[in-house]
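Student: I would like to take a close look at a single part of this structure. Could you go through it slowly with me?

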Amino acid sequence: MSVLSDRDIRTALEAGTIGIRPYDPADLQPSSVDLHLDRSFRVFRNNRYAYIDVRQPQPDLTELLSIADDEPFILHPGEFVLGQTLEWVELPNDLVARLEGKALALDTQIPTPGGWRSMGDLVPGDSVFDETGAPTQVVAATPPMVGRPCREVLFSDGQRITADASHQWVTVDKNGRRGGRNRVEVRTTDQIAQSLRVNGELNHHVPLAGPVQYPTRLDLPIEPYTFGAWLGDGTTTAAAITSIDDEVLQQISGDGYAVRRLAYAPHLYHISGTGHTRDASTGRYSRNGSLSSRLRDLGMRDGKYVPRPYLEAGIGQRLALLQGLMDTDGYVDDVAGRCEFTSTNEGLADAVVELAASLGFRPVKSEGRATLYGVDKGPKYRVKFTPDRPVFRLPRKLARQKAAGAPFHRFRAIDVVRDVPSVPVRCIEVASPHGVFLASRSFIPTHNSSLGRLGLLIHSTAGYVDPGWKGNLTLELSNVANLPIALYFGMKIGQISFFRMSSEVDRPYGSASLGSKYQGQSEPTASAFHRDFSNGAKASDR
């Protein structure tokens, strides 16, 4: 199936092949039409039955209520009601439709105060991060949804996120950047795709997040700066470091380690700790608080890497680790202020990417070839970023960073939006005041729906609106917030998208042979599931 564009929707509406009444051309979006809430609601009277029997008609289970034009319908916490669209919708025999929400792919990585989780694993009560980097609670989550039109969003730093066409983002377009205003607006994936470039310039910029506020860790076995410096210039087989900078050695001493020069190699220094302890029963030296023992405990004798607790530590701890890495294997351009970390260890490069992104920077990783005296020594990895805070302690490098004085642009651009095969997606709602949470390994801010962030979950009673459908659409409305929500007649309640099928159907919805239960409905309609148990009913009856 292919999703209809605004041009195709407009043509179908003008030709009468799609019917939406009433219809306002201002409601036409890039790949959908905004729908509005009607004044009728069907509420459940649970005290009238001991349980819901799906085999029996229970006409008194629900009651139909109606509100005036400017009267609110109050949906209380935990309450579930049926509403309906103001619009009457009619479909031809070769189109299906879907009432759209906003969602990300289930495998999208989401940073949380407790570590990385996938979008599909999050449940209400979990914590994620908002755009400032502060923890915020998940207040609701939709079930996985399939068959949605999906897009891959490619950002200027190389990060890719798969989202549905109606998922929302907070962006600043070219007009919003005029005069340094940086005016943000909420836009859907397809709206961004329709205006990706203006005069050849990338139009949409997404603001960078603030440093994420992981809890400070008291269990890190090695002080972050010393560990970062050793990862950069340390000897894998020993607690030793090669350095020509006394200031780096002084920083390590400041972390509580004794530093002693080794006579057998130039610029090689041993980093000790509390010394060895001899086991009285065996006479052997045992591990203790020395750096050598702590490195063994971390498994560093098998190769250098950054353990997860260091990447998910407090802001100051992560910055100290990055400074140790940058003082040893980092570089700064004193003209542009652009910083670069280089290593032949891809795992360390990936750790610097995550550290920099989690601190609110925009790192970009690239791969090249390492050479020594003209001999190819294999791949090397560069991580480039321009920070607005010191990422060095070494005076000669820190002086170049400060001397640059380059303006810091707190944005990443959206480079490409392209159609991809549909994947299961879902949406979470968060308690953040702005309805924003962070997604992907680049900590990119992404947005809730405006109603969803209030704790209102909206779902169409049918997965798809079938070909041949005629009627208003019944909506399932749930309040998962802690406060009542006021709903008003005529407010925007969702977006309907249309999909072209491979061919016309033989039996459209409403055909006599189908016994379609909801064709022509003009008010919120309770379940007619009991008809499936009547004599001669077919499982496909709807």
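Student: Is helix H3 (residues 224-233) largely enclosed by the rest of the structure or not, and how many of its residues are buried?

Tutor: This is a predicted model, in which local features need pLDDT of at least 70 and side-chain atom pairs count only at pLDDT 80 or more, while totals for chains, interfaces and linings use all residues. Residues are numbered from 1 along each chain as its sequence is written, and side-chain values use heavy atoms, with hydrogens and water left out.

Helix H3 is largely enclosed by the rest of the structure, because nine of its 10 residues are buried; buried means under 20% relative accessible area, exposed means over 50%, and partly exposed is in between, with a 1.4 Å probe and protein chains only. The name H3 follows from DSSP runs numbered from the N terminus, where helices (H or I) have at least four residues and strands (E) at least two. The buried residues of H3 are Pro224, Tyr225, Thr226, Phe227, Gly228, Ala229, Trp230, Leu231 and Gly232.

The cover over these buried residues includes strand S22 (240-242), helix H4 (246-254), helix H5 (291-297), helix H6 (308-311), H7 and H8, where contact means heavy atoms within 4.5 Å.

A search of the whole structure finds eight aromatic pairs, and a pair here means that the ring centres of Phe, Tyr or Trp (its six-membered ring) lie within 6.5 Å, with planes under 30 degrees apart counted as stacked, over 60 as edge-to-face and the rest as tilted. One of them is edge-to-face, formed by phenylalanine 129 and tyrosine 214 at 5.3 Å centre to centre, with 85° between the planes. Phenylalanine 129 lies in strand S13 (residues 127-129) and tyrosine 214 in the loop between strand S21 (205-207) and H3, so this pair ties together parts that are 85 residues apart in sequence. Another pair, formed by phenylalanine 227 and tyrosine 310, is tilted, at 4.7 Å centre to centre and 40° between the planes. This pair links distant parts of the chain, since phenylalanine 227 is in helix H3 and tyrosine 310 in helix H6, 83 residues apart. Both phenylalanine 227 and tyrosine 310 are buried.

Two of the covering helices also meet each other: Arg318, Leu321, Leu322 and Leu325 in H7 are in contact with Val352, Leu355 and Ser358 in H8.
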